Amino acid sequence: MSQQSTDVQETIAMSSSPSNPFTALPRTEWRDVFFGLPDEVQEVLVVDMSRSELEAFIDRLDPDEVTEVLRFTDEETREALLATLDNQRREKIDFLLSFDPESAAGLMSLDYVTVDETRQFPEVTERVRRFEERTGRVPTIFVTADGELQGELPGAALSIADTATETVSDYVQETPHVRYDRDDEEVIEVFKQNRERAVAVLDEENDILGVIHAEDLLQLLEEARGETLYDFTGVAEEESVLDGPGAKIRRRYKWLILNLGTAFMAAAVVGLFESTIAAVAILAAYMPVVAGMGGNAGTQAMAVTVRGISLGEVSLNTGKRVIFNEVVAGAANGFITGVLVAVIAIAFSFGEFGLLLGAVIGVSMVANLVIAGFFGALTPLLLDRIGYDPATSATIFITTATDVLGFFVFLGLARAILL
């Protein structure tokens with residue numbers, strides 16, 4: 001998000017003034033600032049704007065952008081604002097408002113023209129020119145045959161084609177398409193497989209309803225990244241920075257209680273070795289090191305595996321290589337970090353435990369990073385198989401495994417070797 005957008009959001013959150021800080025901006029900046037803000041903040045802005053301010057705002061927007069703004073208004077305001085628009089824009093906006101905003105149709109725009117494959121290039125050029133004059137935008141050119149989509153005609157073809165010998169069909173490129181009722185996640189998957197291409201949106205009869213461009217997905221992808229961040233931290237997706245303390249408490253306490261339960265599991269393991277820690281008090285200083293390194297390594301392995309699952313690159317059936325690679329990487333990284341920690345432990349330990357303490361910590365580090373790699377890769381694959389979102393659920397199980405098993409290995413080795 002731009003710095004300017006962040007400043008506006010902070011002003012809304014902190015300002016006690018009844019005036020709307022958004023409308024204090026130059027009107028030429030309204031569009032870029034508004035669509036760079038989260039949905040929750042957009043809704044606050046729209047609710048706070050007067051009807052005259054909303055009229056001035058939507059007058060500068062494309063039909064699909066007007067649709068996004070009007071979703072935050074009540075029915076009376078929406079009808080009043082639509083009445084201020086010309087018939088052509090109103091019809092387009094009514095059409096777009098009829099679709100689910102989280103579907104392919106809700107993401108599409110109407111910046112396209114259709115031409116039959118039998119058309120001559122001069123006719124196509126004239127069609128595009130009229131569209132540009134009317135809307136100020138360059139359309140995507142879809143080619144049809146008997147009403148069915150054949151593909152896309154690149155705009156460059158209009159300038160390089162030999163109009164005397166070549167036809168529109170000579171330049172048609174295959175176009176990815178998606179049904180209008182598909183959810184936004186499916187649309188993202190289509191774009192992943194067809195980068196830098198426009199996607200046609202079709203109805204039940206395979207007629208073209210609209211077009212989705214890559215830039216139409218930018219905000220959606222930003223929201224998806226935000227959801228992933230929420231998943232990793234246990235914050236509800238719908239939680240806003242502007243929510244009050246009560247709402248934040250309700251959405252977070254269950255996650256924190258679950259974490260508390262796993263913390264007691266780790267504490268119980270430590271309790272088993274109370275006499276060992278009492279006899280070698282220096283062990284307590286290195287316990288957070290072992291647990292922290294294991295947790296971080298497990299989260300790294302989980303992040304890579306979750307990404308592979310989301311891209312369709314790996315599943316539980318094909319995950320053996322992924323698990324093996326993470327275990328080997330964990331062992332190697334454990335050896336590297338284990339040697340470093342062992343050297344530090346030896347250097348700062350005095351008396352009879354120096355070398356042996358270094359050996360215990362070094363071996364424990366290798367073991368815990370192997371555990372982290374194993375569970376960091378396996379846990380997301382298992383959760384995905386049984387139908388749970390691994391990004392949401394995996395972290396707590398992985399950190400529990402690295403804490404409980406890591407402490408058990410570390411303190412168990414210490415009891416066996418140092419006492």
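These questions and answers walk through a predicted model of one protein chain.

Q: What is the mean pLDDT of the protein chain?
A: The model is predicted, and confidence varies along it. In the protein chain, 79% of residues reach 70 or more. The mean pLDDT is 76.

Q: Which helix has the highest confidence, and which the lowest?
A: Helix α16 covers residues 320–348 and has a mean of 89, the highest. At the other end stands a helix of residues 3–14, with a mean of 44. The highest is α16 and the lowest is α1.

Q: How many contacts does the stretch of residues 1–18 have beyond near neighbours in sequence?
A: Over residues 1–18 the pLDDT is below 50. Where pLDDT is low, the predicted coordinates should not be read in detail. With that caution, the model gives this stretch 24 contacts.

Q: Where else does pLDDT stay under 50?
A: Another stretch shows such values, and the model has 13 contacts for it beyond four places in sequence. The stretch is residues 232–237.

Q: What is the strand order of the open sheet?
A: The sheet has 3 strands, with mixed pairing. Its edge strands, β4 (177–179) and β6 (208–212), each pair on one side only. From one strand to the next, the twist averages 30 degrees. The order is β4-β5-β6.

Q: In which sense do β4 and β5 pair, parallel or antiparallel?
A: Strands of a sheet pair through backbone hydrogen bonds, in one sense or the other. Strand β5 spans residues 199–202, and 3 bridges join it to β4. Across from Ala200 in β5 stands His177. The sense is parallel.

Q: What kind of aromatic pair do Phe121 and Tyr171 form?
A: The count of aromatic pairs comes to 4. For Phe121 and Tyr171, the centres are 5.8 Å apart and the planes 85 degrees. Planes over 60 degrees apart count as edge-to-face. The pair is therefore edge-to-face.

Q: How many residues apart are Phe121 and Tyr171?
A: Phe121 lies in helix α9 (residues 121–135). Tyr171 sits in the loop between α10 (157–160) and β4. Both residues are buried. The pair links distant parts of the chain, 50 residues apart.

Q: Why is the pair of Phe374 and Phe375 edge-to-face?
A: The ring centres of Phe374 and Phe375 lie 5.2 Å apart. Angles over 60 degrees count as edge-to-face. The pair earns the name because its planes stand at 90 degrees.

Q: Is Phe374 buried, partly exposed or exposed?
A: Buried means under 20% relative accessible area, and exposed means over 50%. Phe374 has 34% relative accessibility, so it falls in between. Phe375, at 26%, has the label partly exposed. Phe374 is likewise partly exposed.

Key:
Residues numbered from 1 in each chain as written. Predicted model: local features only at pLDDT ≥ 70, side-chain atom pairs only at ≥ 80, totals over all residues. Heavy atoms only, no water. pLDDT = per-residue confidence, 0-100. Helix = DSSP H or I, 4+ residues; strand = E, 2+ residues; numbered from the N terminus. Contact = heavy atoms within 4.5 Å. Pairing = 2+ DSSP bridges. Axes fitted to C-alpha atoms, helices over the stretch in contact; angles between N-to-C directions. Phe/Tyr/Trp six-rings, centres within 6.5 Å; stacked < 30°, edge-to-face > 60°. Buried < 20%, exposed > 50% of the residue type's maximum accessible area, 1.4 Å probe, protein only.
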